[in-house]
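Reader: Could you take me carefully through one part of this model, the nonpolar core and the chains that contribute to it?

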Amino acid sequence: MSLIVDIHRALGAFTLDVSFKAENGVTCLLGASGCGKSFTLKCIAGIEKPDSGHIELDGVVLYDSEKHINLPPQKRQVGYLFQNYALFPNMTVRQNILCGLHREKNRAEKERKLGEMMKLMQLEGLENHRPAQLSGGQQQRVALARIMVNEPRMLMLDEPFSALDAHLRDSLKIELRDMLHRFGHEVLMVTHSREEAYNMSSRIAVMDRGKLLTIKDTKDLFADPGSVPAAVLTGCKNIATARKSGDHEVEVPDWGIRFQTSQKVREGLTAIGIRAHYFNTQTQQNRFPVVYVEEMEEPFEVILQFRYAGQRPDCPPVWWRLSKEKRPREFPEMLGIAPANILLLYE
Amino acid sequence: MTFDWYPLWNSLRIAAISCVLVFFLGIFFAYYAARLPRAVKGVLDVFLTLPMVLPPTVCGYFLLLIFGVKRPLGIFLLQFGIKFVMTWYGGVLAASVVAFPLMYRTARGAFESFDRTLAYSGQTLGLSNTYIFWRIRMPACRQGILAGTVLAFARALGEYGATSMLIGYTPGRTATISTTVYQLWRTNDEKGAMFWVLINLAISTVVLLTVNMLEARQKKAVKA
């Protein structure tokens with residue numbers, strides 16, 4: 001079971017060049033809005049057509065510009081959960097799900113599969129409701145039921161939680177995650193939210209302005225994003241240009257300091273990133289004088305902004321985020337950071 | 001002497017046939033125009049909408065230019081016994097041309113506001129494009145299409161200018177309600193004119209009431 005994607009297309013302001021291979025499991029396409037994530041899904045589904053390239057699912061070629069193959073979406077058997085769920089408004093829940101069962105000609109079998117899926121998706125009793133009468137969570141379940149009875153060979157989800165209230169989102173995430181892991185085929189999910197990507201996926205592909213930068217196991221990506229866009233997308237708040245000044249040392253001119261790193265610094269280093277959570281008053285390494293700037297309170301945490309003593313005035317303050325209980329009474333004069341927590345970012 | 005009901009029958013026949021014609025043609029062009037490149041679409045759009053903004057007599061004039069019995073196309077059609085000038089089915093042609101833009105434009109508006117992800121999701125589920133068109137797109141655009149159909153019917157029923165140019169007024173052959181009203185009024189038969197005006201009012205009222213009822217029922221169905 002595998003998905004091979006290698007597509008190119010001129011898209012207004014930028015060109016889309018996406019190439020990756022994904023195997024069983026949940027892969028997230030993570031990127032800012034308008035970076036080409038959804039377009040990539042649409043190309044795989046056959047709704048949009050790339051200028052050139054190759055798309056293959058489980059050994060079946062869906063698209064190949066050189067061989068002039070371009071299967072219509074109907075023949076690709078690719079499940080697609082749209083951002084707004086795309087339920088047919090003129091049909092009831094039952095009729096909507098039956099649309100996914102149109103290939104099943106045996107009446108009894110059709111009813112059996114329908115009943116089974118209604119039960120699995122906890123939709124019993126809603127058979128004759130119309131989509132407009134359902135809550136966001138129910139709509140999502142109907143849309144998934146309609147896709148699942150259709151027995152797709154892979155599943156694609158486009159921002160599956162964006163149409164839901166925040167409080168619903170978290171409980172549905174757990175439901176959906178468990179369902180996706182049971183699915184047994186390749187799942188591709190598009191999101192711009194690093195939390196969703198972290199919660200749902202085993203692998204993340206980072207996209208930036210039409211390019212796929214890296215594809216890594218989720219935990220590895222957060223531990224070592226490797227590039228500035230990936231660091232930003234995984235939520236790293238402090239990024240500064242840097243250059244290599246030793247095998248285990250980088251110089252950050254904007255902050256006027258040099259950091260020791262535990263990873264060996266390679267050539268081509270352009271910046272470093274430090275996650276706001278990782279500063280520490282106790283750490284003795286990479287310990288430098290700091291000056292308090294201002295703060296912002298969050299429900300359970302506080303963001304303290306500071307500047308390094310030698311920091312250039314035109315570059316933004318550094319963020320330190322910690323839980324409220326751990327907040328020191330006096331702002332410390334020195335802050336340290338463990339060498340392992342310096343993220344090395346390359347071109 | 002029995003009363004001559006011919007104009008009522010003729011008007012209804014012309015309006016009904018042109019309404020059906022315009023329904024399919026309007027939807028066809030609306031659907032395909034929406035997919036054309038912008039430049040082609042612009043030109044086609046102007047051409048297809050012209051009959052709406054031109055005075056109907058001008059439309060009638062153009063129809064005579066094209067279908068007149070001394071014109072090439074008119075002569076050609078005559079070989080098959082088809083003559084649009086001074087025949088009742090010429091009235092269908094005139095009414096269709098004038099009513100077409102109303103159907104085309106309202107249907108196009110409805111198609112353009114159609115949520116395309118509905119069609120896409122149908123495709124990824126393996127539903128045929130025909131099924132998607134008739135069972136998903138058309139019902140979703142029902143309001144606009146219904147509105148367009150009613151407008152086209154009403155317009156076809158009330159058509160006067162192009163009709164009188166192309167088929168004139170011959171009692172019992174090409175007379176319609178609107179041409180009859182004019183003819184009777186012109187010959188000082190005010191009572192007769194008033195009678196046909198009332199008939200026309202009655203038909204229009206029934207049509208509009210039907211539309212309102214259908215809309216109300218639809219809203220109820222969505223809410224229930």
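Author: What follows looks at the nonpolar core, then at chain B and at the contact between the chains. This is a predicted model, in which local features need pLDDT of at least 70 and side-chain atom pairs count only at pLDDT 80 or more, while totals for chains, interfaces and linings use all residues. Residues are numbered from 1 along each chain as its sequence is written, and chains are lettered from A and ligands numbered from 1 in the order in which they are written.

A nonpolar core is here a set of buried Ala, Val, Leu, Ile, Met, Phe, Trp, Tyr and Cys residues joined through C-beta atoms within 7 Å, where buried means that 20 or more other C-beta atoms, placed from the backbone, lie within 10 Å of a residue's own. The largest such core has 134 residues, and A145(A), M156(A) and I272(A) have the most contacts inside it. Helix α5 of chain B (residues 88-112) gives the most to this core, 14 residues; helices are DSSP runs of H or I with at least four residues, strands runs of E with at least two, numbered from the N terminus. Leaving aside neighbours within four places in sequence, I272(A) is in contact (C-beta atoms, placed from the backbone, within 7 Å) with residues including A240(A), V252(A), F259(A) and L344(A).

Chain B itself comes to 11 helices and 0 strands, and 36% of its 224 residues count as buried. The contact between the chains takes 21 residues from chain A and 14 residues from chain B, and β7(A) supplies the largest share of chain A's side, 3 residues.

Note on methods
Contact = placed C-beta atoms within 7 Å. Buried ≥ 20, exposed ≤ 12 C-beta atoms within 10 Å, placed from the backbone.
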